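Open the model in your viewer and keep the selection panel at hand. We will go from sheet to sheet and finish at the ligand.

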Amino acid sequence: RERSKSPDNRPQAKRHAGDVGKVVDHYNLRPEVGVKQRMGSPIIGLKNFNNWVKSVLITRFAHPVLASSPVSQSSGPGRGKVLDMGCGKGGDLTKWGKARIRELVGVDIAEVSVSQARERWRAMRNSCFDAAFAAIDCYAEPLSNAFPPARLAQPFDVVSLQFCMHYAFETSQKARCMLRNVSQYLRKGGVFLGTIPNADQLIERLDALPLSAADLSFGNSVYRIRFEDRQSRPLFGHRYHFFLRDAVEDVPEYIVDWDNFVGIAAEYSLHPIYKKEFHQIYAEHSEQEEFKELMVRMKVVEANGESAMDEDQWEAANIYIGFAFEKR
Ligand code: SAM
């Protein structure tokens, strides 16, 4: 695809129009920060909690599927193949390393993030898995535009979309393109898992605003969500603006109506097996030995057992739900 060149002839990130352009610019411009600066984030407790939730979902839904992968049973080390759509800067690479996967394909629309993910994978000292990365608009183009056929010949065991699927719900075409990319190379019995904003809760909060309110926004010191309209509630393109302190700067996002999502996913042979709010995921797993220990290691709780999140971060955590679908 065409790339423009800067005056010193370095390739520049591809320009995208409209809301997609705002999303891409936002993620491309977010600096990759070192561990020390990351730990100093005012919402580090929430960031660690989100990572803990992703680890729980991967352990619970991806590990069994990876272990039962037909490939892992017939060949050497590693257990299957994962597609990380909207992989960002590669924040889940370590989680996939722990899942002892054989191969990862990482895609994201933000080219700068994709380069950072590739570097992160190269730098992983014990990166025991093979990986390929590409910058592609996964909601507008087929995956086959980005990879040679050999890379996609073997189907995926797991497809993961973490904190990114809602951007596809701008239009029905985008949501369907996303689902086609999820399903086309996912094996039967494979799992599609992800995290998205909790539409029910967002709409409930919108409805709770006083009828006289001119500013259709709600939130706290950590996050703010602003709707443009109270009446219009289309199934696709129901836009709001999201701000998350030290993470997301007023980016346009779209409501994912769960029943609508389930309905169109079925057209791609994807059927829901799990849907939980983040607070429920915490309630269900925080007392289980393995995940309790993980909470300490991932600094979701301090050494003294106290939560690393204040009240506002805890409230912001429940903006999201985790889900899993099975390909049948
Ligand atoms: N999945 C990563 C994680 O959990 O750390 C990154 C999440 S970040 C909040 C959302 C990501 O979605 C960004 O990296 C963004 O570039 C990506 N994204 C948004 N629209 C996309 C599209 N059309 N195709 C591919 N990636 C997209």
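Start with the open sheet of seven strands in this predicted model. Colour its strands in the order S3-S2-S1-S4-S5-S11-S10. The pairing in this sheet is mixed. Now pick out the edges. They are strand S3, residues 130-135, and strand S10, residues 270-277. Each of these two pairs on one side only. Look along the sheet next: neighbouring strands are turned by 15° against each other on average, with direction ignored.

Zoom in on S3 and its partner. Select residues 103-108, which make up strand S2. S2 and S3 run parallel, and six bridges join them. To see one pair, show Glu-103 and Asp-130. Asp-130, in S3, is the bridge partner of Glu-103.

Add a helix to the view. Select residues 44-67, helix H3. Which strands does helix H3 lie across? Show strand S1 (81-85), strand S4 (156-162), strand S5 (186-197), S10 and strand S11 (320-327): H3 lies across these five elements of the view. Against S5, H3 runs at about 175°.

Move to the other sheet. Select four strands in the order S6-S7-S8-S9; they form an open sheet with antiparallel pairing. Its edges are strand S6, residues 217-219, and strand S9, residues 248-254. Both edge strands pair on one side only. From one strand to the next, the twist averages 20°.

Stay at S9. Select residues 239-244 for strand S8. Five bridges join S8 to S9, and the two run antiparallel. Show Phe-242 and Val-251 as an example: Val-251, in S9, is the bridge partner of Phe-242. Then select residues 18-29, helix H1. Helix H1 lies across S8 and S9 and runs at about 145° to S9.

Last stop: the ligand. Select the residues around it; there are 17. Which of them come nearest? They are Lys-54, Gly-86, Asp-108, Asp-137 and Gln-162. By type, the shell divides into eleven nonpolar, three polar and three charged residues.

Now check three distances. A polar side-chain atom of Lys-54 lies 2.7 Å from a ligand oxygen atom. For Asp-108, an N or O atom of the side chain is 2.6 Å from an oxygen atom of the ligand. At Gln-162, show the backbone: a polar atom there is 2.8 Å from a nitrogen atom of the ligand. Finish with the ligand's surface. Taken alone, the ligand exposes 590 Å², and the protein buries 88% of that.

How values were computed
Residues numbered from 1 in each chain as written. Predicted model: local features only at pLDDT ≥ 70, side-chain atom pairs only at ≥ 80, totals over all residues. Heavy atoms only, no water. Near = heavy atom within 4 Å. Polar contact = N/O pair within 3.5 Å; in protein donor to acceptor, adjacent residues only side chain to side chain. Areas by Shrake-Rupley, 256 points an atom, 1.4 Å probe, with all protein chains shown as cover. Nonpolar A, V, L, I, M, F, W, Y, C, P; charged D, E, K, R; others polar. Pairing = 2+ DSSP bridges. Axes fitted to C-alpha atoms, helices over the stretch in contact; angles between N-to-C directions. Contact = heavy atoms within 4.5 Å.
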